[in-house]
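Me: I would like to understand the words used to describe this protein model, and how each word is earned. Could we go through them one at a time?

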Amino acid sequence: MNINGLTVAEILNQVAIDIEDQKDYLCFLDGEVGDGDHGVSMTIGMRAVRRSLADLPTSYLPSDVFDSAAEAYAVEVGATIGPLYEAAFAAAGDAARDKKTLDHTSDWLNIYQAMFTAIQELGGAELGDKTILDSFHPAIESMRVSVAASSDLADALTLAGQVAMQSARDTKDMVPLKGRASRLGERAVGHQDAGATSIAIILQSIAREVAKLQLQINYHFTL
Ligand SMILES: [Mg+2]
């Protein structure tokens, strides 16, 4: 694998497309318990990320891609989710600093962990509060197990994406304790958290892109 700056930019470009594809679904989830803007806010952020990729210099590192994504969210997204993703992408940039490639499962574990910690510190939520953390955390634990088992990167990311999406579905049973939905308390039980769902979409999108790369490499190898 050669997940260099260009490849990370291609991955984020596809993440942006996948989030925009799910805009209405994310707004629907948020609208059941909140103001229904989550899909729109994430789409605005991800469109800004795509634009920022076009402004990258000719040669750049993975960390430059994450840094410009952070800047895009900072400038473009006013909603609560804006500063959280700004912090998450900035933390991803720091975790990837000076690395030319992100080919190892441990690289992505470090990036996901850094993003999670940044979101938790800024948002102040705890696990079980029915937020983005509740799908992101199990995915990271899955990555940790994969690193310990020396799993292939594509397999590790794919499993993490699946765990995140299942965990996002499981937020239905939780009582919200943070954000606008927390005002509803028990009445929000039965509704799936929008933020937990959008990070799961992102993790699945990253996994699919890396799996495609892996397939291309295997194909060339067997020729
Ligand atoms: Mg909202």
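Me: What makes Phe-116 and Phe-136 buried or exposed in this model?

Reply: In this predicted model, a residue is called buried when its relative accessible area is under 20%. Phe-116 is classed as buried, and so is Phe-136.

Me: Why is the pair of Phe-116 and Phe-136 called edge-to-face?

Reply: Two values are needed here. The ring centres of Phe-116 and Phe-136 are 6.0 Å apart, and rings count as a pair if their centres lie within 6.5 Å. Their planes stand at 75°, and because an angle over 60 degrees counts as edge-to-face, that is the name the pair receives. The pair links distant parts of the chain, with Phe-116 in helix α6 and Phe-136 in helix α7, 20 residues apart.

Me: How many aromatic pairs does the structure hold, and what describes the one formed by Tyr-112 and Phe-136?

Reply: There are seven aromatic pairs in the structure. The pair of Tyr-112 and Phe-136 is edge-to-face, with 6.0 Å from centre to centre and 65° between the planes. This pair also links distant parts of the chain, since Tyr-112 belongs to helix α6 (residues 105-123) and Phe-136 to helix α7 (residues 133-148), 24 residues apart. Tyr-112 and Phe-136 are both buried. Together with Phe-66, Trp-108 and Phe-116, these two residues form one aromatic cluster.

Me: How do you know that the length of α6 agrees with what is expected of it?

Reply: The 19 residues of α6 should span 27 Å at 1.5 Å a residue, and the C-alpha atoms at its ends are 27 Å apart, so the two values agree. Among the buried residues of α6 are Trp-108, Ile-111, Tyr-112, Met-115 and Phe-116. After α6 comes Gly-124, whose phi is positive, near 75°.

Me: What residues line the largest cavity, and how do they divide into nonpolar, polar and charged?

Reply: A search of the whole structure finds one cavity of 30 Å³ or more, and the largest cavity has a volume of about 70 Å³. Its lining is made by Leu-12, Phe-66, Tyr-85, Phe-89, Trp-108, Ile-111, Tyr-112, Met-115, Ile-199, Ile-202, Leu-203 and Ile-206. The elements that give two or more residues to this lining are α5 (81-95), α6 and α9 (194-222). The lining residues divide into twelve nonpolar, no polar and no charged. Tyr-85 and Phe-89, which belong to this lining, are also among the buried residues of α5.

Me: What makes Asp-30, Asp-35 and Asp-37 donors of the magnesium ion?

Reply: The donor atoms, each an OD atom of Asp-30, Asp-35 or Asp-37, lie 2.1 to 2.3 Å from the magnesium ion. The cut-off for a donor of this metal is within 2.8 Å, so these atoms qualify. Along the chain the donors follow the spacing D-x4-D-x1-D.

Me: Why are Asp-35 and Asp-37 called partly exposed?

Reply: Partly exposed covers what falls between the buried limit, under 20%, and the exposed limit, over 50%. Asp-35 has a relative accessibility of 39%, so it counts as partly exposed, and Asp-37, at 27%, therefore counts as partly exposed too.

Me: Why is Leu-6 called partly exposed, and where is its place?

Reply: Leu-6 has a relative accessible area of 48%, so it is partly exposed, given that exposed requires over 50%. Its place is in helix α1 (residues 5-21).

Methods. Residues are numbered from 1 along each chain as its sequence is written. This is a predicted model: local features need pLDDT of at least 70, side-chain atom pairs count only at pLDDT 80 or more; totals for chains, interfaces and linings use all residues. Side-chain values use heavy atoms; hydrogens and water are left out. Rings of Phe, Tyr and Trp (its six-membered ring) pair if their centres lie within 6.5 Å; planes under 30 degrees apart count as stacked, over 60 as edge-to-face and the rest as tilted. Helices (H or I, at least four residues) and strands (E, at least two) are DSSP runs, numbered from the N terminus. Buried means under 20% relative accessible area, exposed over 50%, partly exposed in between (1.4 Å probe, protein chains only). On a 1 Å grid over the protein atoms alone, a cavity is a set of points where a 1.4 Å probe fits but cannot get out, and a pocket is an open set with protein on both sides within 12 Å along at least five of seven lines; lining residues have an atom within 4 Å of a point. Grid points are joined across faces, edges and corners, and a volume is the space filled by probe spheres set on the points. Ala, Val, Leu, Ile, Met, Phe, Trp, Tyr, Cys and Pro count as nonpolar, Asp, Glu, Lys and Arg as charged, and the others, Gly among them, as polar. Donors are N, O and S atoms within 2.8 Å of the metal (3.2 Å for Na, K and Ca); water is not among the atoms, so sites may look incomplete. The expected span of a helix is 1.5 Å times one less than its number of residues.
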